[in-house]
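Got a viewer open? Here is a set of short exercises on packing and empty space, each with a worked solution.

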Amino acid sequence: MEKRINISKTDSQAYKAMLGLEGYLAQSEISKTIKELIKIRASQINGCAYCLDMHTKDAIKYGETAERIFLVSAWHEAEKFFTEEEKVALKMTEEITLISQNGLSEETYQKAKAVFSEKQIAEVIMAIVTINSWNRIALSTRLEIGE
């Protein structure tokens, strides 16, 4: 594939704005585990190998097991491996990532309200929005694993 622009160099202000979202998420109440599961699931849906490589490694660094990482794409069939909060976050990730299909359903939103505070729901949504943006940057600029 032909090398494309490097947004961090070509438009450093835009890149810094994205890093600002990461800074916000680093201070959020949601766990590192949930944040990494969100990043992995959205990156699977979007087909972003660059982000999958990064976030599976980060998840392992934060103590995630290989078994759970392997099961993220099939979490519906492997529910016993995930907490209720993780299942809700994964469902939110799918619905928001695939926003044009139906968006965040009322059923999923109500489940989120049962396990998360309003601030945590906002943080989960922002984590999903942020990884979807990173996926789009990586895919459209053809970032390669290891860059």
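The exercises below go from the core outwards to the pockets, and the model they use is a predicted one.

**Exercise 1. Find the main nonpolar core and say which residues and helices build it.**

Step 1: Start with the membership. The largest nonpolar core has 23 residues, and Ile38, Cys51, Met92, Phe116 and Val124 touch the most other members.

Step 2: Now map the core onto the helices. At least two residues each come from α2 (12-26), α3, α4 (49-61), α6 (84-97) and α8 (118-140). Helix α8 gives the largest share, eight residues.

Step 3: Look for anything left over. Another core lies apart from this one, with nine residues, including Leu37, Ile40, Val72 and Ala78.

As background, nonpolar side chains in soluble globular proteins tend to be buried together.

**Exercise 2. Take Val124 and Phe116, and list what each one touches beyond its sequence neighbours.**

Step 1: Place Val124. It sits in helix α8. Its relative accessibility is 0%, so Val124 counts as buried, the cut-off being under 20%.

Step 2: List its partners. Skipping residues up to four places away in sequence, Val124 touches Ile30, Ile38, Met92 and Phe116.

Step 3: Check a long-range distance. Val124 and Lys35 are 89 residues apart in sequence, yet their C-alpha atoms are 7.7 Å apart.

Step 4: Do the same for Phe116. With residues up to four places away left out, Phe116 touches Ile34, Glu85, Val88, Ala89, Ile121 and Val124.

**Exercise 3. Is Thr93 buried or exposed, and which residues is it in contact with?**

Step 1: Locate Thr93, which is part of helix α6.

Step 2: Get the accessibility. Thr93 has a relative accessible area of 0%, so it is buried.

Step 3: Collect the contacts. Neighbours within four places in sequence aside, Thr93 is in contact with Ile38, Arg41, Ala42 and Ile128.

**Exercise 4. Search for aromatic pairs and classify what turns up.**

Step 1: Run the search over the whole structure. It returns one aromatic pair.

Step 2: Work out the geometry. The ring centres of Tyr15 and Trp134 are 5.4 Å apart and the planes meet at 70°; that angle is over 60 degrees, so the pair is edge-to-face.

Step 3: See what the pair connects. Tyr15 is in helix α2 and Trp134 in helix α8, 119 residues apart, so to speak a link between distant parts of the chain.

Step 4: Add the exposure of each partner. Tyr15, at 27% relative accessibility, counts as partly exposed, whereas Trp134 is buried at 13%.

**Exercise 5. Describe the largest cavity: its volume, its lining and the chemical classes of that lining.**

Step 1: Count first. The structure holds one cavity of 30 Å³ or more. The largest cavity has a volume of about 40 Å³.

Step 2: Name the lining: Lys32, Thr33, Glu36, Ala59, Tyr62, Gly63 and Glu64. Helix α3 (residues 32-46) gives the most, with three residues.

Step 3: Sort the lining by class. You get two nonpolar, two polar and three charged residues.

Step 4: Zoom in on Glu64. This residue is in the loop between α4 and α5 (66-71), and it is buried, with a relative accessible area of 12%. Its contacts, leaving aside neighbours within four places in sequence, are Thr33, Leu37, Ala59 and Ile69. The C-alpha atoms of Glu64 and Lys32 are separated by 9.7 Å, with the two positions 32 residues apart along the chain.

**Exercise 6. Describe the two largest pockets by volume, lining and class.**

Step 1: Take the largest pocket. It has about 470 Å³ of space. Its lining has 24 residues, with Leu19, Glu22, Met54, His55 and Trp134 nearest the centre. Two or more lining residues come from each of α1 (7-10), α2, α3, α4 and α8.

Step 2: Class that lining: 14 nonpolar, four polar and six charged.

Step 3: Move to the second largest pocket, with about 170 Å³. Among its lining residues are Trp75, His76, Glu84, Lys91 and Lys111. Helices α6 and α7 (106-115) each supply at least two, and α6 has the largest share, four.

Step 4: Class this lining too: two nonpolar, two polar and six charged.

How values were computed:
Residues numbered from 1 in each chain as written. Predicted model: local features only at pLDDT ≥ 70, side-chain atom pairs only at ≥ 80, totals over all residues. Heavy atoms only, no water. 1 Å grid on protein atoms, 1.4 Å probe; cavity = no way out; pocket = protein on both sides within 12 Å on 5 of 7 lines; lining within 4 Å. Points joined across faces, edges and corners; volume = space filled by probe spheres on them. Nonpolar A, V, L, I, M, F, W, Y, C, P; charged D, E, K, R; others polar. Core = buried A, V, L, I, M, F, W, Y, C linked by side-chain atoms within 4.5 Å. Buried < 20%, exposed > 50% of the residue type's maximum accessible area, 1.4 Å probe, protein only. Contact = heavy atoms within 4.5 Å. Phe/Tyr/Trp six-rings, centres within 6.5 Å; stacked < 30°, edge-to-face > 60°.
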